[in-house]
Amino acid sequence: MYLKNQNMKRVILLGFTVLFGTLWINAQSSPEGKWNTGQHNTIVEISELDGEWKGKFVSSDNDRVEIGKIMLKDLKFEDGTWKGKIYSMRRESWFPAELKPEGNELNLEVFAGKRSRQVTWTQKS
């Protein structure tokens with residue numbers, strides 16, 4: 001009886017560790033928040049809207065930026081990376097992107113055909 005109880009306690013403890021460890025990792029790697037793109041004091045807010053992660057412009061010194069316009073969409077957490085699409089105002093089209101939150105920085109890699117471009121946004125406090 002003692003052996004069964006000890007094994008059951010270990011199984012339950014292991015289950016809670018895995019569950020809460022996974023939740024903690026996902027919370028740590030979330031891109032949620034307001035991010036300065038480094039161009040024209042443009043701020044993008046990333047949040048979950050209607051069950052989907054999206055990013056929208058919330059402020060900018062650039063007159064061409066439409067405040068409230070979605071510029072990140074289809075964001076999903078896969079294989080330790082956030083993947084989705086980012087809108088290019090210059091090309092007026094969507095491109096695949098990967099987002100990697102690291103502390104107060106959000107590293108983005110944008111793919112256009114065979115080339116890619118890396119940019120870093122900083123979290124606005």
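What share of the contacts in the protein chain with a separation of 6 or more comes from residues 24 or more positions apart? The share is 24%. Keep in mind that this is a predicted model. Here are some views to look at one by one.

**View 1. The whole chain is built from one helix and eight strands.** Follow the sequence from its start and you meet the helix, then the strands one after another, in the pattern α-β-β-β-β-β-β-β-β. The protein chain has 125 residues, and 29% of them are buried. As for the outside, about 8,900 Å² is exposed, with carbon and sulfur atoms supplying 51% of that area.

**View 2. Lys-54 is a buried residue without a salt bridge.** You'll find Lys-54 in strand β3, which covers residues 52-59. Which side chain of opposite charge is nearest to Lys-54? That would be Glu-52, 4.5 Å away. A salt bridge needs a side-chain nitrogen of Lys or Arg within 4 Å of a carboxyl oxygen of Asp or Glu, so this pair doesn't make the cut. Now look at what Lys-54 touches, leaving out residues up to four places away in sequence: Glu-45, Ile-46, Ser-47 and Leu-49, plus Ile-70, Leu-72 and Leu-75.

**View 3. Lys-85 sits in strand β5.** Is Lys-85 buried, partly exposed or exposed? Its relative accessibility is 36%, so Lys-85 counts as partly exposed. To be called buried, a residue has to be under 20%, and to be called exposed, over 50%. Lys-85 and Lys-73 are twelve residues apart along the chain, yet 5.4 Å separates their C-alpha atoms. Lys-73 is also among the residues that Lys-85 touches, again skipping those up to four places away in sequence. The others in that set are Met-71, Leu-72, Asp-74, Trp-94, Phe-95, Pro-96 and Ala-97. Spot a familiar name there: Leu-72 is touched by Lys-85, and Lys-54 touches Leu-72 too.

**View 4. The largest pocket holds about 830 Å³ of space.** Its lining is made of 25 residues, and the ones closest to the centre are Gln-39, Tyr-87, Ser-88, Arg-90 and Arg-117. Which strands each give at least two residues to this lining? They are β5 (81-88), β7 (105-112) and β8 (115-123). With six residues, β8 provides the largest share of the lining. Strand β5 may ring a bell, since Lys-85 from the previous view lies in β5.

Technical notes: Residues numbered from 1 in each chain as written. Predicted model: local features only at pLDDT ≥ 70, side-chain atom pairs only at ≥ 80, totals over all residues. Heavy atoms only, no water. Helix = DSSP H or I, 4+ residues; strand = E, 2+ residues; numbered from the N terminus. Buried < 20%, exposed > 50% of the residue type's maximum accessible area, 1.4 Å probe, protein only. Contact = heavy atoms within 4.5 Å. Areas by Shrake-Rupley, 256 points an atom, 1.4 Å probe, with all protein chains shown as cover. Lys, Arg positive; Asp, Glu negative; His and termini not counted. 1 Å grid on protein atoms, 1.4 Å probe; cavity = no way out; pocket = protein on both sides within 12 Å on 5 of 7 lines; lining within 4 Å. Points joined across faces, edges and corners; volume = space filled by probe spheres on them.
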